[in-house]
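Welcome, and thanks for taking a look at this one with me. Below are some numbered notes to read alongside the picture.

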Amino acid sequence: MKGLLIVSGLGILAMMAEIFKFKKLLFPLVLLGILGAYVANFMEWNSGFSIAVFDNMIAFDKVALAFSGVILATAFFWFIMANDYFEDMPTVVDHFSLVLFALTGALMLTAFKNMTTLFLGIEIMSIPLYVLAASKKKDVKSNEAGFKYLIMGSFASGFLLFGIALVYGATGSFDLMEIRAKISEMGSGMPSFFYAGIIMMLIAMLFKVSAAPFHFWAPDVYQGSPTVITALMSTVVKTAAFAAILRLFMIAFGGVSESWSMVLASVIALSLVIANFSAAVQTNVKRTLAFSSISHAAFMLMVVLANLRSNATLDALLYYSLAYSIGSIAAFGIIYNVTKNGDETFDSFNGLGKRNPLMAACMVVAMLSLAGIPITAGFFAKYFVFTTMIGTGYKWLLILAILTSAVGVYYYFKVIIAMYFKQATTEEPVTIELSQKVVMILTTLFTLALGAVPGFVAEMFKF
Amino acid sequence: MLNGISINYYILLSAVLFIIGAVGVMARRNSIIIFMCIELMLNAVNLMLVSFSTLHNDAKGQVFVFFIMAVAAAEVAVGLAILSMIYRNIKNIDTDLLSNLKN
């Protein structure tokens, strides 16, 4: 709860920075604030009892606090990475406050206990992101990305609201616990439009996490947005959306899982196949990572599928989102530095192994982690997901996931091959800012550390 | 029953409005019309929430409608800002012209 308050306070403070002229101080203040929010969050987690406020509309229980911790840790690394991009802008203050408000929405999504806070959380998170995606004012591509994101986002919100209205009509409540109680009381006596409502909410949430066949906006938006904003979208937003899906479908609709689990299973299968095969033919790095994030979404959805009624395997989802977020921050940070001249194809990585060996080495670790090669965090993340799936009736999904991961290895290795085996047109070394170097090394070490002690981390996330 | 009319007709009306809006978003090419269609979708939801709220004798549904209205206004404000930015750059708001992002 304190984390949410601190982050939203920071957002307001960031807006003040322009008026009271402490723009130069803003970046260290924001970093300290995020760190403070993380520490406060951790203390609440340690104290072990959950806090419910606003008539039980927001409840920070252990699961919510764990997801908030992942989001805040990612945000901390993100701010160090992104500062270089924002530093010289006259609008740095607006950008920071927009990001902080998006972060507020993300934290709200981890802790909602009511459909109202679910809807508000999604909108508080999304609306600043529409602005941020379109924030390169003169660049038509960025405008287009923001516009597409806005149209698709509000389209999905329409579906979500229609679903909420139908569920409200059937149960007479917006509260997740009351809906759950009503479902177990009525049994199979629920009207048919209730099930339509659940499916519409599921579709809306799948839009938000960009799972196939609702993914078509993601590659365009990821490509057109400024790279640092893409990094934010594929890490913080994704984690928050998964926390929301898990909460919504585990708490409220766990009792009628047979009505939506088949839809979810086919969406996962489609996402795995479409994402991995489309990623293999892309030439733009950011588009490739967009498709890769769709396939990672499929893996995280598998945990939701395995988790129909209990939260026995939540550690798999938390570990996965942590490994994926940290790996993505590292990868996007490097892509941001490499593509500064505007070339976003794989060729921009040519010869990086010679031009900046440290950066190339960090990129190798990030790519191996995203591909799921052993000893990195990504491998254990996939391994934990597979173990949760073994006990369920969806073994065919498991086999499909392993096969499509093999395709995934191909496009991650395209980057590594370009870096070490292709000749660059120039031999001059690539120089980067100190802050970029720091975040690169930190995220790489974090990825390796997560891979070194996976059991310890997973044990922490057992509830 | 609401005022002698079965609740199913209220659901049907909002569903029809919602579908008109959804089809409009997908089929129309003018950005302003697309925004109107999104508003139509949201207002279909408002209509349904209000009718369910009356059916259940419960004010929560009507409170939710206020949230939707406020958020929809914020969303359209952002949308129109983005649109005016696009117009400044390409002097058009036809969505067919917005296809610069591809592989």
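1. Let us begin at a single side chain in what is a predicted model. B:Arg29 has a relative accessible area of 38%, so B:Arg29 is classed as partly exposed. Its side chain meets that of B:Asp96 in a salt bridge, with 3.0 Å from N to O. B:Arg29 sits in the loop between helix 1 (7-27) and helix 2 (31-56) of chain B, while B:Asp96 belongs to the segment after helix 3 (60-90), so this pair ties together parts that are 67 residues apart in sequence.

2. Chain B offers another pair to look at. The side chains of B:Asp58 and B:Lys60 also form a salt bridge, at 3.8 Å from N to O. Is each partner buried or partly exposed? B:Asp58 is buried because its relative accessibility is 18%, under the 20% cut-off. B:Lys60, at 40% relative accessibility, counts as partly exposed.

3. Over in chain A, salt bridges with shared partners link A:Glu144, A:Lys148, A:Asp220 and A:Arg287 into one network. Over all chains, the count of salt bridges by this rule is ten.

4. One salt bridge of chain A deserves a paragraph of its own. A:Asp84 pairs with A:Lys340, and the closest N and O atoms are 3.2 Å apart. A:Asp84 is in helix 3 (residues 62-86) of chain A, and A:Lys340 is in the loop between helix 13 (314-338) and helix 14 (352-355), so the pair ties together parts that are 256 residues apart in sequence. With a relative accessible area of 10%, A:Asp84 is buried.

5. A:Asp84 also turns up in the surroundings of A:Gln436. A:Gln436 is placed in helix 18 (residues 434-452) of chain A, and its relative accessible area of 2% makes A:Gln436 buried. Which residues does A:Gln436 contact, leaving aside neighbours within four places in sequence? They are A:Ile80, A:Met81 and A:Asp84, together with A:Gly333, A:Tyr336 and A:Asn337.

6. Helix 3 of chain A also holds A:Ala75. A:Ala75 is buried, at 1% relative accessibility. Not counting residues up to four places away in sequence, A:Ala75 touches A:Leu103 and A:Val236. As a distance to try on the model, the C-alpha atoms of A:Ala75 and A:Leu289 are separated by 19 Å, with their positions 214 residues apart along the chain.

7. Now step back to chain A as a whole. Its secondary structure comes to 19 helices and two strands. Its radius of gyration is 21 Å, close to the 23 Å that the globule rule gives for 463 residues, so chain A is as compact as a globular protein of that length. The C-alpha trace spans about 70 × 55 × 45 Å along its principal axes. Buried residues account for 67% of the 463 residues in chain A. Of the contacts in chain A between residues at least 6 apart in sequence, 80% join residues at least 24 apart.

8. How do the two chains meet? The contact draws 46 residues from chain A and 43 residues from chain B. The size of an interface is often given as the accessible area lost when the parts come together. Here chain A and chain B bury about 3800 Å² between them, with 78% of it on carbon and sulfur atoms. Among the contributors, A:Phe147, A:Phe162 and A:Tyr168 supply 17% of the area that chain A buries against chain B, more than any other three residues.

9. What about polar links across this boundary? The rule finds zero salt bridges across the interface of chain A and chain B. Five residue pairs, both members at pLDDT 80 or more, are in polar contact between the two chains.

10. On the side of chain A that touches chain B, helix 5 (115-133), helix 6 (140-171), helix 8 (192-209) and helix 9 (217-224) each supply at least two residues. The largest share, 22 residues, comes from helix 6 of chain A. By type, the residues of this side divide into 24 nonpolar, 13 polar and nine charged.

11. To finish, find A:Asn143 in helix 6 of chain A. A:Asn143 is buried, at 0% relative accessibility. Leaving aside neighbours within four places in sequence, A:Asn143 is in contact with A:Ala134, A:Lys136 and A:Lys137, and across the interface with B:Ile82, B:Met85, B:Ile86 and B:Asn89.

Conventions: Residues numbered from 1 in each chain as written. Chains lettered and ligands numbered in written order. Heavy atoms only, no water. Contact = heavy atoms within 4.5 Å. Buried area = accessible area lost by both parts, 1.4 Å probe. Salt bridge = Lys/Arg side-chain N within 4 Å of Asp/Glu carboxyl O. Polar contact = N/O pair within 3.5 Å; in protein donor to acceptor, adjacent residues only side chain to side chain. Helix = DSSP H or I, 4+ residues; strand = E, 2+ residues; numbered from the N terminus. Nonpolar A, V, L, I, M, F, W, Y, C, P; charged D, E, K, R; others polar. Buried < 20%, exposed > 50% of the residue type's maximum accessible area, 1.4 Å probe, protein only. Rg over C-alpha atoms; globule rule 2.2 N^0.38 Å.
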